[in-house]
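Let's take a walk through a protein together. Have a look at the sequence and the 3D view below, and keep both at hand as you read.

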Amino acid sequence: MANGSKQIVDFAKIKATMADPYKHPVQVIDREGKVVDPDTLAKYSDDQLVDFMKKMVWERTLHEQTMNFSRQGRLGFYAPTAGEEASEMGSVTAFKQQDFLLPAYRDLPQMIQHGTTVAKGFLWSKGHVEGNQHENPNMLFPQIIIGAQYVETAGVALGIKKNGDEDRVAFVYTGDGGTSQGDWYEGVNFTSAFQAPAVFFVQNNGWAISVPRYKQTGAETLAQKAVAMGVPSVQVDGMDIVAVHEVSKAARDFAAAGNGPVVIETLTYRYGAHSSAGDDPSRYRTKEEEKPWFDADPLIRMRKVLTDKGVWSQDQEDKLVDEYKDEFKQAMKEAEAAPAQKVSDFLKWTYNVPTPAVKKQIAEFEAKESK
């Protein structure tokens, strides 16, 4: 048998090209605020575009005011969202109230938009049980375990399918670091296997605390990871709210129609620290790295588009910021007026039927708490 020089499989070529379909992020408004997809933009009225801007200003103001409250010692854990306004507001507004949201700890803005209140968001940050009691029952409290909400989403989506719910999906968020967790693969894989209606968002903000995206995985894109599980996926410019909304709406429609799940990677950036707990991003990021992302700020982009249309002004924005600040300050007063939590209540909630030992503890703490 002759020795051939040609290899039966060119693995180098496969590796060099397997990310190609996912390296062209969907975009409507570019980094300079120029409309690059006028046909898609034309689907939206000026009022809709202004509403997008208002929601991003709302979230940026919420972030700034919440950071102030954190510095004052009035809150517990808080995960900053500055820079992710287009990714979060563009996506959550594409879903309906009957859709089930499974948030991570950076997703309080989406939860508020989906039917809880700012005061409940503050209570969650303060560790108060009332922070988990939402006006819209179609959401869970934020998941702290990285990626665990993806497994929960598989269960919720399968439940939606088994119940025969029409026009309803589950949707979920994680960061780039979440895709390095086994839970991420398990959640997407099982949802795909059962063709359950779910939309999985990966907010690729560049960092998993201090670990850069390129050190987390050998994959060129995070969107391509979905292919191994038979799930269609896409990258979208996460600083472009119109593009994010358009892609999210298409994904929701696809999943709700019984076609199984979708994965969406939004390319965004976390301007500040990972959390209010104290990590210092200046120790692992440079000003040179940050500048292009600040220049591509989602509010700057949309502000230019709306200003060019003559439907937005700085005075209008400044008035909105003042209104939102007053709203958030009032929400903090409401949160701080919530009744203090009792150890006896925690013990009562531990078991459906308390054990004799727990009953004794409940009585002991109730006696102390009544003084």
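## A guided look inside

We can begin with helix 4, which spans residues 85–92 and is mostly covered: 8 of its 8 residues are buried. These buried residues are Glu85, Ala86, Ser87, Glu88, Met89, Gly90, Ser91 and Val92. Before going further, keep in mind that this is a predicted model.

Now zoom out to the whole protein. Its secondary structure comes to 14 helices and 7 strands. If you drew a box along the principal axes around the C-alpha atoms, the box would be roughly 90 × 65 × 45 Å. The radius of gyration is 23 Å, which agrees with the value near 21 Å that a compact globule of 371 residues would have. Of the 371 residues, 50% are buried. The accessible surface comes to about 18,000 Å², and 54% of that surface belongs to carbon and sulfur atoms. As for charge, the protein has 43 positive and 52 negative charges, and the mean positions of these two groups are 4 Å apart.

How does the chain come together with itself? Take the contacts between residues at least 6 apart in sequence: 75% of them join residues at least 24 apart.

Next, let's visit the nonpolar interior. The largest nonpolar core has 59 residues, and the members that touch the most others are Phe122, Val242 and Met302. Helix 3, residues 46–71, gives this core its largest share, with 9 residues. A second core, separate from this one, has 19 residues, including Leu102, Ile160, Val172 and Leu222. Which residues does Met302 touch, if we do not count those up to four places away in sequence? They are Ile29, Leu49, Phe52, Met53, Met56, Ile241 and Val242.

Phe122 leads us to another covered helix, helix 6, where Phe122 is buried alongside Val118, Ala119, Lys120, Gly121, Leu123, Trp124 and Ser125. Because 8 of the 8 residues of helix 6 (residues 118–125) are buried, this helix is largely enclosed by the rest of the structure. What does the covering? Among the elements that cover the buried residues of helix 6 are helix 3, helix 5 (108–114) and helix 12 (314–336). Just after helix 6 comes Gly127, which takes a positive phi of about 80°.

Let's move on to helix 8, where two residues are worth a stop. One of them is Trp184, which lies in this helix. Trp184 has a relative accessible area of 0%, so it counts as buried. Along the chain, Trp184 and Tyr150 are 34 residues apart, yet their C-alpha atoms are separated by 5.5 Å. Leaving out residues up to four places away in sequence, Trp184 touches Gly147, Tyr150, Thr174, Gly178, Thr179, Val202, Lys225, Ala226, Met229 and Val263.

The other stop is Val188, also placed in helix 8. Is Val188 buried or exposed? It is buried, because its relative accessible area is 0%. Again setting aside residues up to four places away in sequence, Val188 touches Tyr150, Phe200, Met229, Val231 and Val263. For a sense of distance, Val188 and Gln98 are 90 residues apart in sequence, and their C-alpha atoms are 21 Å apart in space.

Helix 9, residues 241–259, holds our next residue, Ala251. At 4% relative accessibility, Ala251 falls under the 20% limit, so it counts as buried. Apart from neighbours within four places in sequence, Ala251 is in contact with Val199, Val262 and Ile264. The C-alpha atoms of Ala251 and Pro261, which are 10 residues apart along the chain, are separated by 8.1 Å.

We finish in two loops. Gln195 is found in the loop between helix 8 (182–193) and strand 3 (198–204). Its phi is near 50°, a positive value in a residue other than glycine. Gln195 counts as partly exposed because its relative accessibility is 33%. Ile209 is found in the loop between strand 4 (207–208) and strand 5 (211–212). The phi of Ile209 is near 55°, again a positive value in a residue other than glycine. With 41% relative accessibility, Ile209 counts as partly exposed.

Key. Residues are numbered from 1 along each chain as its sequence is written. This is a predicted model: local features need pLDDT of at least 70, side-chain atom pairs count only at pLDDT 80 or more; totals for chains, interfaces and linings use all residues. Side-chain values use heavy atoms; hydrogens and water are left out. Buried means under 20% relative accessible area, exposed over 50%, partly exposed in between (1.4 Å probe, protein chains only). Helices (H or I, at least four residues) and strands (E, at least two) are DSSP runs, numbered from the N terminus. The radius of gyration is taken over C-alpha atoms; the globule rule is 2.2 Å times the number of residues to the power 0.38. Contact means heavy atoms within 4.5 Å. Accessible areas come from the Shrake-Rupley method with a 1.4 Å probe; for residues, only the protein chains shown count as cover. Lys and Arg count as positive and Asp and Glu as negative; His and the chain ends are not counted. The place of a charge is taken as NZ of Lys, CZ of Arg, CG of Asp or CD of Glu. A nonpolar core is a set of buried Ala, Val, Leu, Ile, Met, Phe, Trp, Tyr and Cys residues joined through side-chain atoms within 4.5 Å.
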